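Reader: I'm new to reading protein models. Could you take me through this one and show me how each term is earned?

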Amino acid sequence: MAERHSEQIANRSLIGVGKVIAVLTSGGDAQGMNAAVRAVVRMGIYVGAKMFFVHEGYQGMVDGGSNIVQVSWESVSSILQRGGTVIGSARCSAFRNREGRLKAAANLLEKGITNLCVIGGDGSLTGANLFREEWSGLLDELAKNGKISNDDVKNYSHLNIVGLVGSIDNDFCGTDMTIGTDSALHRIIEVVDAIMTTALSHQRTFVLEVMGRHCGYLALASALACGADWVFIPESPPEDDWEKHMVEKLSENRAHKKRLNIIIVAEGAIDAQNQPITSEKIKNLVVDELGFDTRVTILGHVQRGGTPSAFDRILASRTGVEAVLALLEAKPETPACVVSLSGNHIVRLPLMECVKMTQAVQKAMDKKDFKKAVKLRGRSFENNLQTYKLLSQKETTAEIPKSNFNVAVMNVGAPAAGMNAAIRSAVRVGITEGHKMLVVNNGFEGLSKGEIKEFHWTCVRGWTGQGGSILGTKRTLPAMYLEQIAEQIRTYKINGLLVVGGFEAFQGCINLFEARPQHKEFCIPMCILPATISNNVPGSDFSIGCDTGLNALVETCDRIKQSASGTKRRVFIIETMGGYCGYLASMGGLSAGADVAYIFEEKFDIRELQANVRHLTEKMKTNIQRGLVLRNENCNENYTTDFIYQLYSEEGKGVFDCRKNVLGHMQQGGAPSPFDRNFATKISAKAMQWLTKKLQDNFQDGKVFVNDDDSVCLLGMRTRTLLFQPVVELKKETDFEHRIPKEQWWLKLRPLMKILAKYKISYQVPSSAKLENIECRTREGNEAS
């Protein structure tokens with residue numbers, strides 16, 4: 001959104017004057033819908049439009065009356081953290097008939113509404129598009145029946161539709177993630193992690209059934225995130241003799257002392273003949289063939305419940321704002337669009353193209369063309385499936401080719417949730433590639449001391465959901481140990497190196513690269529995977545661990561805000577981690593509904609602090625009588641957390657009182673989020689495949705020797721794709737003094753936080769942009785969910 005060419009709008013109140021926008025939620029509820037409703041309403045009011053709720057989805061539109069109400073800024077207060085949808089959703093058979101749509105049109109015209117933001121699944125969005133196509137005819141019929149005047153037909157001649165996809169199933173083609181999917185994965189993984197403890201205690205097998213109907217995304221992503229033994233999804237049925245293979249695998253796992261087995265089943269799972277595979281059928285198979293103590297857990301609507309994750313709140317907020325902009329720019333000839341996520345980029349796509357592609361998936365499955373079904377789901381789904389198969393299906397020793405390469409993996413820097421998932425993925429992919437996999441304990445310091453040992457397939461069992469760093473990690477840079485490290489590389493005949501870590505990992509590999517003229521042992525391919533909650537490593541929009549850290553921050557903010565529900569006029573000042581990088585504070589502020597977030601990257605002075613106090617003073621005059629202020633730990637050496645607390649306390653006397661919290665290392669701990677588990681797993685697998693190619697391409701005369709710039713790379717996600725970037729190139733993009741990239745993508749989202757907190761600021765509103773073609777979008781692909 002912010003990446004497009006834009007023009008400064010001098011008077012924000014003129015942009016949407018005369019526009020009347022309604023928002024509704026339809027179909028099944030999904031966590032994050034409320035965040036989207038909030039963003040649509042507040043962005044609409046920000047640009048000067050009149051905003052309406054349509055309660056109870058299309059049913060409310062057909063019934064009219066009190067179901068369609070004008071709303072204010074305060075109407076969407078305190079809903080950001082709530083699951084479900086506060087404006088209600090309902091199945092509506094009446095809207096499927098023209099008579100029902102005629103009533104809906106009359107009810108909208110009564111309020112002057114000609115712009116509609118629909119949050120729902122493909123059925124809801126298809127209904128909205130039909131409504132739009134019929135609009136002119138509906139108006140003519142209403143005029144003919146005397147319900148509206150001819151002037152009304154002229155003034156309200158076209159209906160603009162923009163869709164946001166709210167569905168936990170992630171079954172809509174054209175977007176990498178739908179609103180609610182990440183939160184549903186959180187619920188599933190919480191249950192799996194809890195089940196694992198009881199399964200380990202009793203040597204049990206658990207069959208877990210998750211939602212998804214005809215889409216296996218939840219089952220596949222959760223299987224990848226927890227390292228499940230087997231997964232059943234409708235898009236990729238097992239082979240005809242799957243029963244035999246599954247029994248053999250479970251039996252082999254028990255023989256290798258594995259105390260538990262997890263089997264995940266999508267509720268719509270089928271075999272190659274399109275016959276259903278039920279959780280009960282799988283349980284009976286395991287019990288009859290192996291005699292294992294087996295339990296079935298059907299999660300059901302638990303997956304729809306709970307508070308939305310930080311990812312879903314940010315996705316909903318970004319797409320909600322973009323939906324309003326799309327409505328403002330819409331012309332009579334503009335087709336209905338859907339606001340989607342492509343990698344880390346918000347895009348607009350033609351609604352019906354996406355719907356047709358979504359429907360094509362089911363048609364492909366009905367024809368048993370499962371390869372096409374997987375492909376239509378998109379690159380993210382395809383990569384999840386490929387990575388799961390790669391990591392779960394151990395080949396026999398005879399089947400694995402011997403490469404004669406030794407590859408070492410290590411963690412460097414502060415611990416970050418997801419590091420262990422990355423190491424597990426690297427070790428297993430390396431083994432399938434035929435390498436001897438060596439693990440290094442305690443970072444570069446451990447490497448210099450020879451704290452190295454070989455790992456086998458089973459050595460990393462159960463690592464995916466473990467927080468911190470099992471291998472141990474240190475911040476020590478290799479510059480002082482170059483001779484010793486070179487000696488260990490010679491001793492263990494290390495041919496390639498994978499380093500998982502934060503800024504120290506990036507800096508350390510630069511040290512090794514620059515020391516190549518003195519130590520030929522460093523002339524081996526090296527790859528860095530960014531892993532830090534601070535998200536301050538150049539070359540990647542996201543680091544492993546930053547999603548977990550962000551969720552920990554947001555959960556704490558939610559609890560703190562809740563504690564103020566019984567005490568009016570209170571402002572909380574919270575200090576976050578992040579070093580000099582303001583990612584956690586900024587994205588935490590957007591996710592938690594903060595009033596302001598102070599960061600190093602955006603300079604501020606005493607005048608801005610006073611302006612923020614005045615803003616909160618005005619806020620206390622409304623019915624929203626609480627405030628939330630975030631401060632990044634190193635945002636300013638003089639304006640400390642204590643200083644800001646004392647300033648707010650003094651200036652707010654008689655209006656509000658203050659409390660402060662320093663969150664500290666609690667943001668660093670805990671089990672990794674589903675996003676971090678899967679992101680770490682996928683990029684680590686990709687990194688190992690890159691290392692394999694580098695080793696094969698540079699093996700001559702019995703040894704590996706590389707000395708070019710692109711032999712030491714960082715693998716990161718940049719907007720829409722995963723890229724291998726030479727560290728020598730990334731040096732130019734880095735502020736080494738403050739350990740941050742010189743340019744950071746998320747800074748462009750900071751105005752959204754202020755807009756949604758009712759600051760009267762100027763905003764770079766994007767100029768009119770063409771819709772992207774769904775075919776081009778699909779070809780571009782994306783390799784991170």
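Reader: Which residue stands opposite V347 in β12?

Author: That is S340. Keep in mind that we are looking at a predicted model. Strand β11 (residues 337-342) is joined to β12 by 6 bridges, and the two run antiparallel.

Reader: How do you know that β11 and β12 count as paired?

Author: Pairing requires at least two bridges between two strands. Here there are 6 bridges, so the requirement is met.

Reader: What do β11 and β12 form, and how many residues lie between them?

Author: They form a hairpin, with 2 residues between the strands. G343, in the turn, has a positive phi of about 65°.

Reader: What makes β12 largely enclosed?

Author: A residue is called buried when its relative accessible area is under 20%. In β12 (residues 345-350), 6 of the 6 residues are buried, so the rest of the structure largely encloses this strand. In a regular strand, side chains alternate between the two faces of the sheet. On one side of β12 we find H345, V347 and L349, on the other I346, R348 and P350, and all of these are buried.

Reader: Why is strand β6 called mostly covered?

Author: The count of buried residues decides it, and buried means under 20% relative accessible area. In β6 (residues 160-165), 6 of its 6 residues are buried. Both faces are covered: N160, V162 and L164 lie on one side, with I161, G163 and V165 on the other.

Reader: Which strands pair with β6 in the parallel sense?

Author: Strand β5 (residues 115-120) pairs with β6 over 6 bridges, and L116 stands opposite I161 there. β11 pairs with β6 over 3 bridges, where L164 has V339 as its bridge partner.

Reader: What makes β8 and β10 the edge strands of their sheet?

Author: Each of them pairs on one side only. The open sheet has 4 strands in the order β8-β9-β7-β10, with parallel pairing. Its neighbouring strands are turned by 15° against each other on average, direction ignored. At one edge, β8 pairs with β9 (residues 261-266) over 3 bridges, and F232 stands opposite V265 in β9.

Reader: Which helices lie across strands of this sheet?

Author: Helix α6 (residues 181-202) lies across β7, β9 and β10, running at about 165° to β7. Helix α9 (residues 279-290) lies across β7, β8, β9 and β10, at about 170° to β10.

Reader: Why are helices α4 and α11 called oblique to each other?

Author: Their axes cross at roughly 140°. Angles over 145 count as roughly antiparallel and 65 to 115 as roughly perpendicular, so an angle between those ranges is oblique. α4 and α11 are therefore oblique to each other. Their axes come within 10 Å, and the crossing is left-handed. D122, L125, T126 and N129 in α4 meet L351, M352, V355 and T358 in α11.

Reader: How do you know that the length of helix α22 agrees with what its residues should span?

Author: At 1.5 Å a residue, its 24 residues (674-697) should span 34 Å, and the end C-alpha atoms are 35 Å apart, which agrees. The expected span uses one less than the number of residues. As for cover, 19 of the 24 residues of α22 are buried, so this helix is mostly covered.

Conventions: Residues numbered from 1 in each chain as written. Predicted model: local features only at pLDDT ≥ 70, side-chain atom pairs only at ≥ 80, totals over all residues. Heavy atoms only, no water. Axes fitted to C-alpha atoms, helices over the stretch in contact; angles between N-to-C directions. Contact = heavy atoms within 4.5 Å. Buried < 20%, exposed > 50% of the residue type's maximum accessible area, 1.4 Å probe, protein only. Parallel < 35°, antiparallel > 145°, perpendicular 65-115°, else oblique. Left-handed = near helix turned anticlockwise from the far one by under 90°.
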